[in-house]
Amino acid sequence: MMKKVSAEDTVKTSVKEDQTSFGFDNSLPNLPIKTILAMTFGCIGVNMAFTLQGSQMSRITQTIGVNPNSLGWFFLLPPLLGMFVQPLLGKYSDSTWTRWGRRIPYLLVGAPITVIVMIMLPFTGSFGFGYGSMTAMVYAAIAIALMDLFSNVCLAPYKMLAGDMVNEKQKNLAWSWQQVFGYAGGILAALLPYILTKVGIANTASKGQVPATVIWAYLIGAVMLLVTSLVTIFNVHEYDPKTYAKYHKINESKQKVTPSLWKLLKTAPRSFWELAIVQLFSWIGIMYTWTYATGAMANNIWNTTNPASSGFQAAGNWYGVMTAFYSVAALLWGLFYAKTKATQRKFWYSFGLFADAISIIIVATTHNQWVALIAFALYGIGNFTINTLPYTMLTTSLDGRNNGSYLGLFNIAVCLPQIIGSLASFTIFPLVGNSQSMMMIIGFVAMVIGGFSVAIVHEGK
């Protein structure tokens with residue numbers, strides 16, 4: 001386990017030379033590399049949870065008997081909960097000053113609950129509910145919603161720690177490392193069903209039951225989430241109120257009083273709303289890829305729409321491999337992006353969204369599994385971009401007083417597009433002939449619009 005690193009250790013670091021780095025106020029000190037390492041390491045386990053959700057949810061739900069036209073319901077509850085929980089988590093963590101800090105306590109609670117839900121979820125088809133039964137559907141919907149909810153509770157502290165403690169000079173590095181560790185976990189999570197199949201664990205099961213490969217993947221992911229979260233919990237010390245106020249140039253007595261979320265929304269920086277527009281289109285593109293890629297590839301490449309068939313399950317495994325592949329691409333891209341200039345963020349934001357769009361249209365239409373795999377390298381660039389650039393640009397526009405609240409409110413810009421996309425799918429899916437490929441093409445169009453929308457964003461205070 002890494003040596004405990006206190007943020008106080010950095011007090012003596014000179015900040016004068018960084019006061020105007022990149023044209024932004026930069027009163028926070030440079031952090032030691034080991035501190036940034038400690039505050040980003042836990043993203044390994046958190047992203048294993050998200051990756052298993054993104055790569056296996058469509059497979060699990062269709063395996064237990066969900067009609068593809070009803071998939072939107074299962075992707076509706078998580079963002080709906082996230083819209084309410086994330087802003088509240090941000091608001092209350094802004095004023096939660098304890099001996100553990102103000103962000104870490106939420107990770108301390110969220111990680112164990114997420115582990116429990118990850119153990120529950122893959123057994124959806126194992127309790128004798130019956131193929132396509134309402135009981136199985138309700139159980140799956142609740143488990144999926146809880147997993148997404150508490151995975152976000154685990155992820156939020158990492159984003160907020162970066163906003164609280166990292167200066168402009170090191171911001172690209174810190175956010176990139178979050179993604180690099182995250183994608184390392186994502187690679188493992190996405191490959192697990194494929195690897196487990198290769199070592200002899202059954203990749204098919206009785207009708208309505210989730211294969212053992214998926215069950216074991218979730219169990220391994222749960223253990224990794226717990227272990228990596230504990231490493232961060234026990235090795236990161238946040239700034240105390242006095243030090244935090246000093247570095248952020250705010251009144252210490254006022255930082256424990258958080259304005260109402262409504263008031264914060266009314267006084268949100270301009271970039272908050274501009275980035276929200278970009279998020280609207282880009283997250284619809286992501287969601288339709290999550291929801292329909294397995295079914296589209298099963299039909300186009302394995303020539304089957306039967307969830308119980310070996311071909312459909314092979315498509316599910318291959319989508320997991322593709323997820324691992326895009327995670328490798330994202331990891332490498334993150335190492336490159338960490339060295340880019342802060343003044344080039346808008347260019348790289350647009351670049352990433354257009355790369356994502358190209359990958360979506362290829363996967364939606366190709367009849368070759370290897371072409372789909374290669375195309376997902378571009379999806380990795382886009383995924384890294386969507387999970388990094390908006391937050392980097394938003395925190396640059398904040399003054400440090402209500403970072404958690406604004407990051408929580410900004411999560412609405414992630415959740416609302418998924419809700420809109422889910423609700424719209426009930427009408428759109430029949431109109432496009434129940435074609436999962438066509439739903440992905442609609443996601444491609446949304447992503448392209450998002451790429452052009454970056455032009456409206458204004459960064460900085």
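**Helix packing in a predicted model**

In this predicted model, Leu 192, Pro 193, Leu 196 and Thr 197 of H7 are in contact with Thr 213, Trp 216, Ala 217 and Ile 220 of H8. Sorted by class, this contact of H7 with H8 comprises six nonpolar and two polar residues, with no charged residues. The protein as a whole contains 18 helices and two strands.

**Packing of H7 and H8**
- Helix H7 spans residues 168–198 and helix H8 spans residues 212–235; their axes lie 8 Å apart, at an angle of about 125°.
- Because an angle of about 125° falls outside the ranges for roughly parallel, roughly antiparallel and roughly perpendicular, H7 and H8 count as oblique to each other.
- The crossing of H7 and H8 is right-handed.

**Packing of H12 and H14**
- Helix H12 (residues 310–337) packs with helix H14 (residues 369–386) at about 45°, and 7 Å separates the two axes.
- H12 and H14 are therefore oblique to each other.
- H12 crosses H14 in a right-handed manner.
- The contact of H12 with H14 involves 19 nonpolar residues and six polar ones, while no charged residues take part.

**The protein as a whole**
- Of the 461 residues in the protein, 62% are buried.
- Among contacts with a separation of 6 or more, 82% join residues 24 or more positions apart.
- The accessible surface of the protein is about 17100 Å², and carbon and sulfur atoms account for 67% of this surface.

Terms used
Residues are numbered from 1 along each chain as its sequence is written. This is a predicted model: local features need pLDDT of at least 70, side-chain atom pairs count only at pLDDT 80 or more; totals for chains, interfaces and linings use all residues. Side-chain values use heavy atoms; hydrogens and water are left out. Helices (H or I, at least four residues) and strands (E, at least two) are DSSP runs, numbered from the N terminus. Buried means under 20% relative accessible area, exposed over 50%, partly exposed in between (1.4 Å probe, protein chains only). Contact means heavy atoms within 4.5 Å. Accessible areas come from the Shrake-Rupley method with a 1.4 Å probe; for residues, only the protein chains shown count as cover. Axes are lines fitted to C-alpha atoms, for helices over the stretch in contact, and angles run from 0 to 180 degrees between N-to-C directions. Angles under 35 degrees count as roughly parallel, over 145 as roughly antiparallel, 65 to 115 as roughly perpendicular and the rest as oblique. A crossing is left-handed if the near helix is turned anticlockwise from the far one by less than a right angle, and right-handed if clockwise. Ala, Val, Leu, Ile, Met, Phe, Trp, Tyr, Cys and Pro count as nonpolar, Asp, Glu, Lys and Arg as charged, and the others, Gly among them, as polar.
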